[in-house]
Amino acid sequence: MAFTYFFRDMHTLRLMERHAIPQLRSRRYLNIWDAGCATGVESYSLAIIFRENMGEFLFRNLHIYATDIDDQFGAVVSAGLYREEEVKRIPGSLLEKYFTPAEAPGHFAIAEPLRKAVTFVRHDLTSLQPIREGLCLVVCKNVLLHLPSERVALVIKMFHAALAEGGFLIMEQTQKMPWQAKTWFRRVAADGQVFQRV
Ligand SMILES: C[S@@+](CC[C@H](N)C(=O)[O-])C[C@H]1O[C@@H](n2cnc3c(N)ncnc32)[C@H](O)[C@@H]1O
């Protein structure tokens with residue numbers, strides 16, 4: 001099972017909130033790609049943060065494509081059902097607001113508007129085929145670390161092609177931008193891996 005949890009790497013999520021969301025929140029369509037989503041807890045964390053910053057009305061314009069090479073996550077992401085141990089990291093007020101106890105004992109269900117905003121698609125990043133174009137945000141964290149650097153550069157080139165101008169790319173703290181990609185993105189936060197497509 002992939003290692004992941006709700007609101008992982010809050011520092012980078014806060015940078016997203018500060019630098020990316022204010023520029024994106026009022027766009028007519030917000031299409032987001034969460035690449036290497038595993039069980040979807042990252043995708044739903046993104047959905048919660050955007051929903052908190054956008055409000056109910058603008059949130060209807062948002063869609064998250066949650067992709068992973070491993071098909072087994074499809075059913076989990078689509079159901080939006082998580083065990084009590086998984087949701088206990090979520091701050092109390094957000095847990096109450098966005099989750100309800102599910103029929104299955106010891107499980108919580110994500111709120112329906114958020115569940116509907118996230119779609120799982122099986123996708124292999126090394127295919128170098130973007131899930132779609134015109135995206136406003138790509139989040140790819142803790143996925144590329146085992147790939148050789150030339151391959152990472154090709155995947156990041158694909159992300160560049162998938163993003164609309166001014167769209168953002170977010171990676172984990174330890175994933176450095178390869179030298180080939182330095183002219184494709186501008187770094188927006190000195191203390192995190194948040195980049196804007198140029
Ligand atoms: C450690 S989890 C990261 C989950 C989440 N992004 C996070 O940071 O919490 C890594 C995920 O990447 C997926 N993955 C590995 N290689 C991939 C590839 N070539 N294409 C798409 N997903 C891949 C794995 O199946 C796994 O679910």
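**Entry 1: starting at a bridge.** I opened this predicted model at V138 in β7 and looked for its partner in β8, which turned out to be L169. Then I took in the whole pairing: β7 and β8 run parallel and share 4 bridges.

**Entry 2: the other neighbour of β7.** Next I checked β1 against β7 and found a parallel pairing again, with 3 bridges. Here I noted D34, whose bridge partner in β7 is V139. How many of the residues of β7 are buried? I counted 5 of 5, so I wrote the strand down as mostly covered, since buried here means under 20% relative accessible area.

**Entry 3: along β1.** I moved on to β1, which spans residues 30-35. It is mostly covered too, with 6 of 6 residues buried. I like to sort a strand by its faces, because side chains in a regular strand alternate between the two faces of the sheet. On one side of β1 I listed L30, I32 and D34, and on the other N31, W33 and A35; both sets are buried, so both faces are covered.

I also looked up the partner strand β2, residues 62-68. It runs parallel to β1, and 6 bridges join the two. One pair I marked for myself is I32, which stands opposite I64 in β2.

**Entry 4: the C-terminal strands.** I turned to β10, residues 194-197, and asked about its faces as well. V194 and Q196 sit on one side, F195 and R197 on the other, and all of them are buried. I was glad to have both an arginine and a glutamine on that list of buried residues.

Which strands pair with β10? I found β8, residues 163-170, in the antiparallel sense over 3 bridges. I also found β9, residues 185-187, again antiparallel and again over 3 bridges. For the first pairing I noted F168, whose bridge partner in β10 is Q196. For the second I noted R187, which stands opposite F195. The link from β9 to β10 is a hairpin through 6 residues.

**Entry 5: positive phi angles.** I went looking for positive phi values outside glycine and wrote down F7, with phi near 55°. F7 lies in the segment before α1, which covers 10-24. Is F7 buried or exposed? Its relative accessibility is 10%, so F7 counts as buried.

I wrote down A38 as well, where phi is also positive, near 55°, and the residue is again not a glycine. A38 belongs to the loop between β1 and α2 (41-59). At 6% relative accessibility, A38 counts as buried.

**Entry 6: a buried loop residue.** Where does L144 sit? I placed it in the loop between β7 (135-139) and α7 (149-162). Its relative accessibility is 3%, and therefore L144 counts as buried. I then asked what touches it, leaving aside neighbours within four places in sequence, and found L125, V152, V155 and Q175. I took a closer look at Q175: L144 and Q175 are 31 residues apart in sequence, with their C-alpha atoms 7.8 Å apart in space.

**Entry 7: stepping back to the whole chain.** I ended with the overall numbers. The protein chain has 7 helices and 10 strands. Its C-alpha atoms fill a box of roughly 50 × 35 × 30 Å along the principal axes. Why did I write "agrees" beside the radius of gyration? Because a compact globule of 198 residues would have a value near 16 Å, and the protein chain has 16 Å.

For burial, I noted that 51% of the 198 residues count as buried. For contacts, I took those with a separation of 6 or more: residues 24 or more positions apart account for 74% of them. The accessible surface comes to about 9,700 Å², and carbon and sulfur atoms hold 53% of that. Last came the charges: I have 24 positive and 21 negative side chains on record, with the centres of the two sets 7 Å apart.

How values were computed
Residues numbered from 1 in each chain as written. Predicted model: local features only at pLDDT ≥ 70, side-chain atom pairs only at ≥ 80, totals over all residues. Heavy atoms only, no water. Rg over C-alpha atoms; globule rule 2.2 N^0.38 Å. Buried < 20%, exposed > 50% of the residue type's maximum accessible area, 1.4 Å probe, protein only. Contact = heavy atoms within 4.5 Å. Areas by Shrake-Rupley, 256 points an atom, 1.4 Å probe, with all protein chains shown as cover. Lys, Arg positive; Asp, Glu negative; His and termini not counted. Charge placed at Lys NZ, Arg CZ, Asp CG, Glu CD. Pairing = 2+ DSSP bridges.
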